[in-house]
Amino acid sequence: MEFGIKYQPSYSLLGVKLTAGEEILVEAGSMVCMSADMKISTKLSATGGFIKAVISAILRKFLGGETMFINVFTAGDKGGNILIAPALSGDILHFPMKGKGLMIQASSFLAADPKIKVKLKFGGLKSLFGGEGLFLLRAEGEGDLFVNAYGGIKEIDIDSNFVVDTGHIVAFEESLSFKVKKVGGWKSTFLSGEGLVTEFSGKGKLYIQTRNVGALVSWLRPMLGA
Amino acid sequence: MQINITSAPDYAMAEVSLTADEKVVVEAGSMVAMSPHMQIETKARGGVLSSAKRMLGGESFFINTYTSAGNPGLIYIAPGPPGDLRHLQLPGGDFYIQSGSYVASSSGVQLDTKWGGAKTFFGGEGLFILKASGQGDLIFGSFGAIHEVDVDGNYSVDTGHIVAFDAGLTFNIRKVGGLKSLFLSGEGLICDFSGKGKLYIQTRKPGSFVHWLTPFRPVKQESAGGPLGIIYNIIRRFI
Amino acid sequence: MQVNIEYRPSFALAIVKLAAEEAVVAEAGAMVSMSSNVQIKTSSRAADGGKRGGILKSLKRSVFGGESFFMNTYTAQGGEGEVTLAPTLPGDVLSIPMTGSGLLIQGTSYMASSPGISIDTKWGGFKTLFGGEGLFMLKATGTGEIVVNSFGAIHELQMDGPYIVDTGHIVAFDETLSFEVKRVGSWKSTFFSGEGLVTEFNGKGRLWIQSRNPKEFGKDIGSRLPPRRA
């Protein structure tokens, strides 16, 4: 597949050109426009046996902020075009996957070559807190992978410990280890408005987004009235 | 402190470098990332129940103080809404900021939430105008882009679009239109500025956005009140 | 009038400069700031040439996403004046010169126009509605400037042949294009795929799309907010 990303970094639009019969996996609800003969089929966004898939998909929907479904778009006999945009505004990052695993925050997955395996990695009960939760996907394989951010994307080379607000994590290399913890003592966690954070250690690349849906919701809250 | 603003103008984030033991005051919920040795101090105004009320939307202005204990440190700060950030060096004197636009300041800047005109700018949106005085660094943000106007004479602005203005301007608030204003999204309040000074306007209005979101909100099923209800709602908010 | 648009594409602001006694018509709520000699008149009509409210009132709020649809006329009195206008959502603003042929504009994308342009709110919009969802279009005719807004960046496409567009991404298109609103794939796809309704275009003409879908965004954020009274 060939691709191009326009209107970066704020309203990034991903354009993909597929050859005849070629497929692409896309997060449900992200199609903007496409060639008239594209075929679309919907599947549950989790791999594994059917029951496991349904449960994982339900968990993703309610906890990860992702929809339950992924669409597979297949180009017709003459190839096809598709324009893809996520629900939230911000940047789109392309990863040419070549074997190294990548951990992705569940709500950041946008599209991928079907040769890439994307599996749910449950961050543990602790990772459910903090409003956003650390709901991770692990991507591995070869091919093109696209993630979206709410806001701009900043790449950080981690080389010593660094603490990150969970809602701002987009993706990180598998070589990093991480721990979800409270910011300060229990009183700070409760009162500071910061909730839980993730402390990264080791060496590797971390991608953060400069906005976070939880913070947007907190900003809206006092203005909501009844 | 050193301040560097990235991802501007749409999703601006401030990268603040502090010297050892230096402090920065930050609007609660704005921390993006920080060095592990940063210490956070939260002033719980009015006790635990009041803080609980804040988390459920009762209060709109809550700040944390971060200290880079023992060593220099980094803290990345970004506000909730999409938009820009501005860093100003306050020279002393007064500067006025919309409460939702305040992001961070150095400890030398005093913040007054209760001065005379604070609540006159907005109808019932939970917003007010903050008065900042003293010398130091101030970072404020916007919902939308920041449009600067050098006022020299008169200029009128819908109050929902006001980000900040300096002390050289006097202001007068009035309602725009009559009964029909009630149908408009937002409050329909206009601020007539006069004098000579700098006015910062945001190109989007939080009130309209909140109004636009209304049909997408879940509809109230039952409400939980009382202290037990507050605890129930807090747990629900975390999970 | 002169329309200058700044802060594109994310938080675009339209700065309209009016000559003495000149007017601009704009959606109520779009005014950001103005010079002190500008007078505002709120129209009792929902649009130029239409009756007040009318069928608009009975439409579900979801079609407008909670926005009102009243127009204000801003007139510069006794000298030049300036009005700055912005839409509700983050995104772009575009000024399209109209020279006679009509333009179809998605309801929430209309922001402002010069008084010589007539906006018809009752034009055939209803055949494209499926239970309150779908396309609500305004038809603009006449000469002058029309100012539209988008959620996300505005992307212009030159259409020539069949093409499918997700309905929520349509901003405006030339009336030379024919269109049909339909469900994507089978009923199962519509229900599960998240894609819902799409519009199939045919013919030649310009189509402007927005790179974000307001309904998707509204549902995403709205579902996380505290409940409201019914």
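In the predicted model, chain C has an average pLDDT of 78, and 75% of its residues score at least 70. Confidence varies between the elements of this chain. Strand S2 of chain C (residues 13-18) has the highest mean pLDDT, 95, while helix H2 of chain C (residues 61-64) has the lowest, 39. The pLDDT falls below 50 over residues 45-68 of chain C. This stretch nevertheless makes 53 contacts in the model beyond near neighbours in sequence. For the model as a whole, the ipTM is 0.78 and the pTM is 0.80.

Chain A comprises 226 residues, of which 56% count as buried. Its secondary structure consists of three helices and 19 strands. Among the contacts in chain A with a separation of 6 or more, 78% are between residues 24 or more positions apart.

An open sheet of seven strands is built from chains A and B, in the order S17(A)-S18(A)-S15(A)-S4(B)-S7(B)-S2(B)-S1(B). Pairing within this sheet is antiparallel. Its edges are formed by strand S17 of chain A (176-182) and strand S1 of chain B (2-6), each of which pairs on one side only. On average, and with direction ignored, neighbouring strands of the sheet are turned by 20° against each other. Within the chain A portion, strand S15 (residues 162-165) of chain A and strand S18 (residues 196-202) of chain A are antiparallel and joined by four bridges. Opposite Val164(A) in this arrangement stands Thr198(A) of S18(A).

Antiparallel pairing was also found in chain C. Strand S16 (residues 163-166) of chain C is connected to strand S19 (residues 197-202) of chain C by four bridges, and Val165(C) has Thr199(C) in S19(C) as its bridge partner. S19(C) also pairs with strand S18 (residues 178-183) of chain C, in the antiparallel sense and over six bridges. Here Phe201(C) of S19(C) is the residue opposite Phe179(C).

The largest nonpolar core contains 180 residues. The residues with the most contacts inside this core are Ile84(A), Ile75(B), Ile77(B), Ala26(C) and Leu85(C). Strand S15 of chain B (residues 189-202) supplies the largest share of the core, seven residues.

Ile84(A) belongs to strand S7 of chain A (residues 80-84). This residue counts as buried because it has 26 C-beta neighbours inside 10 Å, the cut-off for burial being 20 or more. With neighbours within four places in sequence left aside, the contacts of Ile84(A) are Leu14(A), Val16(A), Val26(A), Ser30(A), Met31(A), Val32(A), Leu110(A) and Ala111(A). Lys115(A) lies 31 residues from Ile84(A) along the chain, and the C-alpha atoms of the two residues are separated by 19 Å.

Helix H3 of chain A (residues 213-220) is largely enclosed by the rest of the structure, because eight of its eight residues are buried. The buried residues are Val213(A), Gly214(A), Ala215(A), Leu216(A), Val217(A), Ser218(A), Trp219(A) and Leu220(A). The elements covering them include helix H2 of chain B (206-213) and helix H4 of chain C (214-222).

Terms used: Residues numbered from 1 in each chain as written. Chains lettered and ligands numbered in written order. Predicted model: local features only at pLDDT ≥ 70, side-chain atom pairs only at ≥ 80, totals over all residues. pLDDT = per-residue confidence, 0-100. Helix = DSSP H or I, 4+ residues; strand = E, 2+ residues; numbered from the N terminus. Contact = placed C-beta atoms within 7 Å. Pairing = 2+ DSSP bridges. Axes fitted to C-alpha atoms, helices over the stretch in contact; angles between N-to-C directions. Buried ≥ 20, exposed ≤ 12 C-beta atoms within 10 Å, placed from the backbone. Core = buried A, V, L, I, M, F, W, Y, C linked by C-beta atoms within 7 Å.
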